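This report walks through selected features of one protein chain and its ligand. Please keep the sequence and the coordinates at hand while reading.

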Amino acid sequence: MATERTFSILKPDVTARNLTGAVNAVIEEAGLRIVAQRRIRMSDAQAKKFYEVHAERPFYGELVEFMTSGPVVVQVLEGENAVAKYREVMGATNPAQAADGTIRQKFAKSVGENTVHGSDSLENAGIEIKQFFDDKDIVG
Ligand code: ATP
Ligand code: MG
């Protein structure tokens with residue numbers, strides 16, 4: 001097992017409902033360490049670039065609109081197998097299919113407003129972290 005870093009976003013449905021601490025508690029209880037965190041408003045350009053792999057999907061416009069609709073909290077999480085571990089802690093994309101105890105099962109409102117983002121591979125984690133954090137701002 002290897003110590004990894006993954007990129008996380010607490011989406012606007014979290015900040016709107018004042019759930020930052022509640023979601024962070026689930027992350028920390030799972031053994032993941034929050035080694036960088038910042039609350040920001042994502043610009044339209046940032047959201048479009050971040051989700052550009054989905055540019056051809058029918059929900060792309062709605063997704064970009066949602067991600068820019070309010071503040072988000074961007075984070076770097078560190079731990080053993082952090083990428084896969086966080087995907088497990090997040091639960092399925094559609095909260096109706098998310099396992100008990102997962103963040104999306106506990107808090108997500110819909111497949112669109114689904115509370116958290118987590119990188120889907122170690123390679124993408126590195127790319128995504130660089131979009132939002134300088135190395136000096138990550139304190140392990
Ligand atoms: P994320 O990339 O945000 O961590 P994910 O990897 O579980 O989520 P993706 O397939 O990468 O899911 O989709 C990216 C995001 O697009 C989802 O988290 C969700 O907010 C939105 N999305 C995905 N499918 C739909 C859909 N059918 N309708 C509306 N929004 C969707
Ligand atoms: Mg994804």
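The sections below take up strands, salt bridges, backbone angles and the ligand site in turn.

## Strand E3 and its partners

The model is a predicted one, and this account begins with strand E3, which spans residues 72-80. Strand E3 is mostly covered, since eight of its nine residues count as buried. On one hand, E3 pairs with strand E1 (residues 3-10) in the antiparallel sense, over eight bridges; on the other, strand E2 (residues 33-40) also runs antiparallel to E3 and is joined to it by seven bridges. Two of the facing positions can be named: isoleucine 9 stands opposite valine 74 in E3, and arginine 33 has glutamate 78 as its bridge partner in that strand.

Valine 73, which lies in strand E3, is buried, with a relative accessible area of 3%. Its surroundings bring in residues from elsewhere in the sequence: apart from neighbours within four places, valine 73 is in contact with Ser8, Ile9, Leu10, Thr15, Thr20, Gln37, Arg38 and Arg39. For one of these residues, isoleucine 9, the separation from valine 73 is 64 residues in sequence, while the C-alpha atoms of the two are 5.6 Å apart in space.

## Salt bridges

The structure holds six salt bridges, of which three are described here. In one of them, arginine 5 is joined to glutamate 78, with 2.8 Å between the closest N and O atoms. This pair links distant parts of the chain, with arginine 5 in strand E1 and glutamate 78 in strand E3, 73 residues apart. Is each partner buried or exposed? Arginine 5 counts as partly exposed because its relative accessibility is 31%, whereas glutamate 78, at a relative accessible area of 17%, is buried. Glutamate 78 thus appears twice in this account, as the salt-bridge partner of arginine 5 and as the residue paired with arginine 33 between strands.

A second salt bridge joins the side chains of lysine 48 and aspartate 44, again described by an N to O distance, here 2.8 Å. These two residues are four apart in helix H3 (residues 44-50), so about one helical turn separates them. Both partners are partly exposed, lysine 48 at 40% relative accessibility and aspartate 44 at 39%.

In a third salt bridge, the closest N and O atoms of aspartate 137 and lysine 136 are 3.3 Å apart. Salt bridges with shared partners join Asp134, Lys136 and Asp137 into one network. Within that network, lysine 136 counts as exposed, with a relative accessibility of 65%, while aspartate 137 is partly exposed, its relative accessible area being 35%.

## Residues with positive phi

Most residues other than glycine have a negative phi. Against that background, two residues may be examined individually. Asparagine 18 has a phi near 60°, a positive value in a residue that is not glycine, and lies in the loop between helix H1 (12-16) and helix H2 (20-29). Threonine 115, with a phi near 75°, likewise has a positive value without being a glycine, and is found in the loop between helix H6 (103-107) and strand E4 (116-118).

Which of the terms buried and exposed applies to asparagine 18, and which to threonine 115? Asparagine 18 counts as exposed because its relative accessibility is 73%, whereas threonine 115 counts as buried because its value is 0%.

## The ligand site

Around ligand 1 there are 15 residues, among which Tyr51, Arg87, Thr93, Asn114 and His117 come nearest. Polar contacts to oxygen atoms of the ligand can be described for three residues. A polar side-chain atom of histidine 117 lies 2.8 Å from a ligand oxygen, and an N or O atom in the side chain of arginine 104 is 3.2 Å from an oxygen atom of ligand 1. Valine 111 contributes through its backbone, where an N or O atom lies 3.5 Å from an oxygen atom of the ligand. Taken alone, ligand 1 exposes 580 Å², and the protein buries 80% of that area.

Technical notes
Residues numbered from 1 in each chain as written. Chains lettered and ligands numbered in written order. Predicted model: local features only at pLDDT ≥ 70, side-chain atom pairs only at ≥ 80, totals over all residues. Heavy atoms only, no water. Salt bridge = Lys/Arg side-chain N within 4 Å of Asp/Glu carboxyl O. Buried < 20%, exposed > 50% of the residue type's maximum accessible area, 1.4 Å probe, protein only. Pairing = 2+ DSSP bridges. Contact = heavy atoms within 4.5 Å. Near = heavy atom within 4 Å. Polar contact = N/O pair within 3.5 Å; in protein donor to acceptor, adjacent residues only side chain to side chain. Areas by Shrake-Rupley, 256 points an atom, 1.4 Å probe, with all protein chains shown as cover.
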